[in-house]
Amino acid sequence: MMLSWTAFNEWLPKRAILLIVYIYFIIKIALYIFLKKSDMVVSITSLIIVILCFISFFWSELPNMTLTSSLYLLVESLIMMYMANEYKLKHILKLFFTAGYLIAIFSFAAAILAPSLGIDNLKHIGAWEGIFTHKNNLAGVMVFYILIGSFLISIVQKSKWKMFIIFISLFQVILIVLSQSTTSFLLLILTYLLLLVILIFKLIKNYYLKMALSVYLALFVLSSAMASLYYLPILFGYFGKDTSFTGRDLIWEAGLSLIDQRWLTGYGYMGTLGDSSFRSKLLSYINFEVGTLHSGYLESLAYIGYLGCFLIVIGLIVFIIRSIRQLNSNKIITFLPITFLLYSFVINTQESAFIGSEFGLIWGFYVLLHTILILKKTNEV
């Protein structure tokens, strides 16, 4: 998890390290199946997406990249399914939280001790990147781990651990501020607003009052969305921002025009990178260097087309239905899947995050939660 989205890809042989970790877990999974003599429960909808990524090898312009990335995607998915089967949710969240505060500490150390690496001195002058290659990656990951800590604090018993989680979360908030990432700061606010709504729902016992509050909340969100269409451009104009928060409209426009040319199947999983015709056409259209489309939605469409995204939507619908069925107002932890899904929806508007290979954090946690929901373990902490 520490390798996910970090600059270790530049400093260390990331794939070699991942290969060792993956081999270890493959052995663990094999022992789990043979020694326990029981089948491992898996997320079928997630595996279907992985299989389609493998199949896209046949039309990818970068078949070696597609095959290798699909293999990484398969193994990381199996690891998350194994963890969901083998461990309690509380133990899994502790593991994620540990990874989160180690990343935060190392990012702070990188910025203080090696500012040429930990702070952006080229494009976003003074913005903290930590052990990441971009300020938005640092901030987006910190929001994720703050989310983990917020739910972990609801299930740990000892006060000293609760205080430690709060301290680490505040430390991660400071890193978000120092990163100067507008998108992640708004994502953090949205996440905490949702958590506040969850707490209010937990306190209200009357069913009809909950229903009324839900209706008013839905009307408020709808009216706010409509008002934002007029007022947000004006507000952001004062801060030199546009309504995409990042000025990536040109990238998205070019990406959509290229996706339309191969809308059904896409260009193959990870087939839009390197020396692909997709990337060369994209760069010629926008006239500046860019690594991705900076949108998880557009990246998914470019990789596996509308066919693959239709399958993703089916998986998300199943995920949402299972999440709602297991909601328990007496246990905040049961709201974790829905809250994570909101986080994922928002961050994918700006970053290429959803179907991530080489241990993509968003995809890995999605598969983990989906398997937990199948096992109905959100109430078992």
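**Entry 1: H294 and M270**

I began with H294, which counts as buried at 17% relative accessibility, because buried means under 20% relative accessible area. The model is predicted, and I read every entry below with that in mind. I located H294 in the loop between helix 12 and helix 13 (296-325). Its backbone drew my attention: H294 has a positive phi of about 55° although it is not a glycine.

I then turned to M270, for which phi is also positive, near 60°, in a residue other than glycine. M270 lies in the loop between helix 11 and helix 12. At 11% relative accessibility I recorded M270 as buried.

**Entry 2: the salt bridge**

I asked how many salt bridges the structure holds. I found one. Its partners are E61 and R262, and their closest N and O atoms are 3.9 Å apart. The pair links distant parts of the chain, with the two positions 201 residues apart in numbering. I placed E61 in the loop between helix 3 (44-55) and helix 4 (63-86), and R262 in the loop between helix 11 (249-259) and helix 12 (277-286).

Are these two residues buried, exposed or partly exposed? E61 is partly exposed at 35% relative accessibility. R262 is partly exposed as well, with a relative accessible area of 25%.

**Entry 3: cavities**

I searched the whole structure for cavities of 30 Å³ or more and noted three. The largest cavity encloses about 50 Å³ of space. Which residues line the largest cavity? I listed N136, G140, T183, S184, L187, I347, Q350 and E351. Helix 7 (135-152) and helix 9 are the elements that give two or more residues to this lining. Helix 9 supplies the largest share, three residues. By character, I sorted the lining of the largest cavity into two nonpolar, five polar and one charged residue.

**Entry 4: a nonpolar patch on the surface**

Helix 9 came up again when I examined the surface. I noted a nonpolar patch formed by V177, F185, L186, I189, L190, L193, L196 and I200. Together these residues have about 650 Å² of accessible area. Which element gives the largest share of the nonpolar patch? Helix 9 (residues 182-203) does, with seven residues.

I looked up one member, L186, separately and confirmed its place in helix 9. L186 has a relative accessible area of 32%, so I entered it as partly exposed. That value can qualify L186 for the patch because patches are made of residues with over 30% relative accessible area and no salt bridge.

Technical notes: Residues numbered from 1 in each chain as written. Predicted model: local features only at pLDDT ≥ 70, side-chain atom pairs only at ≥ 80, totals over all residues. Heavy atoms only, no water. Patch = residues over 30% accessible without salt bridge, like charges linked within 9 Å, V, L, I, M, F, W, Y side chains within 5 Å. Areas by Shrake-Rupley, 256 points an atom, 1.4 Å probe, with all protein chains shown as cover. Salt bridge = Lys/Arg side-chain N within 4 Å of Asp/Glu carboxyl O. Helix = DSSP H or I, 4+ residues; strand = E, 2+ residues; numbered from the N terminus. Buried < 20%, exposed > 50% of the residue type's maximum accessible area, 1.4 Å probe, protein only. 1 Å grid on protein atoms, 1.4 Å probe; cavity = no way out; pocket = protein on both sides within 12 Å on 5 of 7 lines; lining within 4 Å. Points joined across faces, edges and corners; volume = space filled by probe spheres on them. Nonpolar A, V, L, I, M, F, W, Y, C, P; charged D, E, K, R; others polar.
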